[in-house]
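Trainee: Could you take one part of this model and go through it closely with me? Please move step by step, from one element to the next.

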Amino acid sequence: MSYVDEVMQRVVEKNPSEKEFHQAVKEVLDSLRVVIEKNEEKYRKDALLERITEPERVISFRIPWVDDKGQVQVNRGFRVQFNSAIGPYKGGLRLHPSVNQGIIKFLGFEQIFKNSLTGLPIGGGKGGSDFDPKGKSDREIMAFCQSFMTELHKYIGADTDVPAGDIGVGGREIGYLYGQYKRLTGLYEGVLTGKGLTYGGSLARTEATGYGLVYMLDEMLKANGKAIAGSTVVISGSGNVAIYATQKAQQLGAKVVALSDSNGYVYDKDGIDLDLVREIKEVRRGRIKEYVEARPGAVYTEGKGIWTVPCDIALPCATQNELGLEDAKALKANGCYAVAEGANMPSTREATDFFQENGMLFMPGKAANAGGVATSALEMSQNSQRLSWSFEEVDAKLHEIMIGIFKKVDEASKRYGLEGNYVAGANIAGFEKVVEAMNAQGVV
Ligand SMILES: NC(=O)C1=CN([C@@H]2O[C@H](COP(=O)(O)OP(=O)(O)OC[C@H]3O[C@@H](n4cnc5c(N)ncnc54)[C@H](O)[C@@H]3O)[C@@H](O)[C@H]2O)C=CC1
Ligand SMILES: O=C(O)CCC(=O)C(=O)O
């Protein structure tokens, strides 16, 4: 059996029931076959793949908090500190009822390679809880965040592990988490990113993941003789990533015709009114179906199905495995030629293979959505310098970083004779830097 297959088998045996983690590891290891085969014995002797697929540390803890009725609730919290070869652990916190150890491990594993691709000194980590923020009052959100940080603060720090937002964690939650960290430690330091602008946040971090996704899309299209201007775009989700991807795509001349949330999707043939979406989602914290109340020309459909809306470009920006094989086929049948992932692992392996086997351009999340974490690293730099850069300065750096990531991904795919396979390019280029750093630091 090849070394890659052996390790894959062991990952499944050692982590039963963590199916998203298996999926993420398999995708990376399959891409790395061409690299590993060149020096299989050395990698095997160094147990390199065993080390890279085993988190340095998995922390799991109880989060008790009191709801508005006076009832004590108990959630489970996680922080997976996956790999610190190239810098302090860095990655978001997710609050969603689906969160479990396998999901946090898949996200932490992806984060290692994504963070490596940014070119910045950040290792991979991820955390979260099965707490459901939907329908909770502000006070309940604060009580939960304070209890979460009461445990988490023991394991994080500005130079050791720097969490940020992810699904269910935005500016409000980061504020409550930061306040509690400061209260417990007495430290005013850049221990979290995505902070508010009045207490150490960076301009353009809110926009960064969505903007970065569209900058990456732009590079991929240009390299393949196409352009964003004049295209029709479908974007899933209506949270942080989806909103700012919509904004940048519109600025570059695209028409975004659909957005969704976990209940259903809206189709607006005249183009999405983003101010209205922001009012519903960012101010009212409402549901996307409220959109059609103010835009009678738009149509709301309950349930899945957003990928049946005809488009040139699809940007999945909601959650993992939201786009399966049948969705991929529907996109292709309706003329879609490019997919770039704003979410982490939103396309199933079958869908990804379909895109690649059917001549569609496909950029995986770990390259396409790296602008968020890259700008978090820029927030860390500003915190260390005790300076704040202008929006234009941060945005220009983000743009440059996304262009750089595209070049690395493209170059790595070509070096292995896999031109146009950006999945392989991203995994290989991300892996190479981490491995070099791991080798330099000995058996750790
Ligand atoms: N916020 C960031 O900076 C980054 C986020 N990401 C990824 O982007 C994705 C979206 O994250 P955010 O926009 O930050 O979160 P968010 O909480 O602001 O928005 C999440 C959106 O996805 C939808 N959603 C969640 N679960 C769903 C489900 N099961 N089915 C359909 N829709 C669902 C929600 O309704 C919401 O519209 C996630 O995969 C996240 O890991 C990736 C890189 C950075
Ligand atoms: O900004 C960060 O540190 C993390 C963003 C994130 O969670 C991600 O890249 O998936």
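Mentor: Start at R386, in the loop between α15 and α16 (391–415). Keep in mind that this is a predicted model. The phi of R386 is near 55 degrees, a positive value in a residue that is not glycine. Most residues other than glycine have a negative phi. R386 counts as exposed, because it has 8 C-beta neighbours inside 10 Å and the limit for exposed is 12 or fewer.

Now step back from that loop into helix α15. Helix α15 spans residues 370–385 and packs on a sheet, where it touches β3 (89–95) and β5. The direction of α15 makes about 115 degrees with that of β3.

Look at that sheet next. It is open, has five strands and shows mixed pairing. Read across it in this order: β1-β2-β4-β3-β5. At the edges are β1 (57–66) and β5 (161–165), and each of them pairs on one side only. Neighbouring strands are turned against each other by 20 degrees on average, direction ignored.

What holds such strands side by side? Strands of a sheet pair through backbone hydrogen bonds, either parallel or antiparallel. This sheet shows you both senses. Five bridges join β3 to β4, and these two strands run parallel. Find Y89 as an example: its bridge partner in β4 is G123. Now go to the pair of β2 (residues 72–83) and β4 (residues 123–129). That pair is antiparallel and has six bridges. Here R79 has G127 in β4 as its bridge partner.

Stay with β3 for a moment. This strand is mostly covered: seven of its seven residues are buried. One residue to pick out is K90, which is found in β3. K90 counts as buried because 28 C-beta neighbours lie inside 10 Å, and 20 or more is enough for that label. Its contacts lead outward. Leaving aside neighbours within four places in sequence, K90 is in contact with N115, I122, G123, G125, V162, V373, S376 and A377. G123, which you met as the bridge partner of Y89, is in that list.

The record adds a note on K90. An unreviewed UniProt entry annotates a "binding site" that covers K90, Q111, K114, G165 and S376. S376 is also one of the contacts of K90.

K114 takes us to another helix. K114 has its place in α5 (residues 101–117). Is K114 buried or exposed? K114 is buried, because 28 other C-beta atoms lie within 10 Å. Not counting residues up to four places away in sequence, K114 touches K366, A370, V373 and G430. Note V373: K90 has this residue among its contacts, and so has K114.

Now follow G430 to a further helix. Two packed helices are described by the angle between their axes and the distance between the axes. The axes of α5 and α17 (residues 422–440) come within 8 Å and cross at roughly 85 degrees. That angle makes α5 roughly perpendicular to α17, since 65 to 115 degrees is the range for that term. On the α5 side, the contact is made by I112, F113, K114, S116 and L117. On the α17 side, it is made by A426, N427, A429, G430, F431, K433 and V434. By class, the residues of the α5 and α17 contact are seven nonpolar, three polar and two charged.

Helix α5 has another packing partner to see. The axes of α2 and α5 come within 6 Å and cross at roughly 25 degrees. These helices are therefore roughly parallel to each other, as angles under 35 degrees count that way. From α2, the contact uses K19, E20, F21, Q23, A24, V25 and V28. From α5, it uses G102, I103, K105, F106, F109, E110 and F113. Watch F113: it takes part in the contact with α2 and in the one with α17. The contact of α2 with α5 has eight nonpolar, two polar and four charged residues.

End at another loop. S17 lies between α1 (3–14) and α2 (19–36). Its phi is near 75 degrees, again positive in a residue other than glycine. S17 is exposed, because 10 other C-beta atoms lie within 10 Å.

Key
Residues numbered from 1 in each chain as written. Chains lettered and ligands numbered in written order. Predicted model: local features only at pLDDT ≥ 70, side-chain atom pairs only at ≥ 80, totals over all residues. Pairing = 2+ DSSP bridges. Helix = DSSP H or I, 4+ residues; strand = E, 2+ residues; numbered from the N terminus. Axes fitted to C-alpha atoms, helices over the stretch in contact; angles between N-to-C directions. Contact = placed C-beta atoms within 7 Å. UniProt positions renumbered as here; feature names shortened; annotations may be inferred. Parallel < 35°, antiparallel > 145°, perpendicular 65-115°, else oblique. Nonpolar A, V, L, I, M, F, W, Y, C, P; charged D, E, K, R; others polar.
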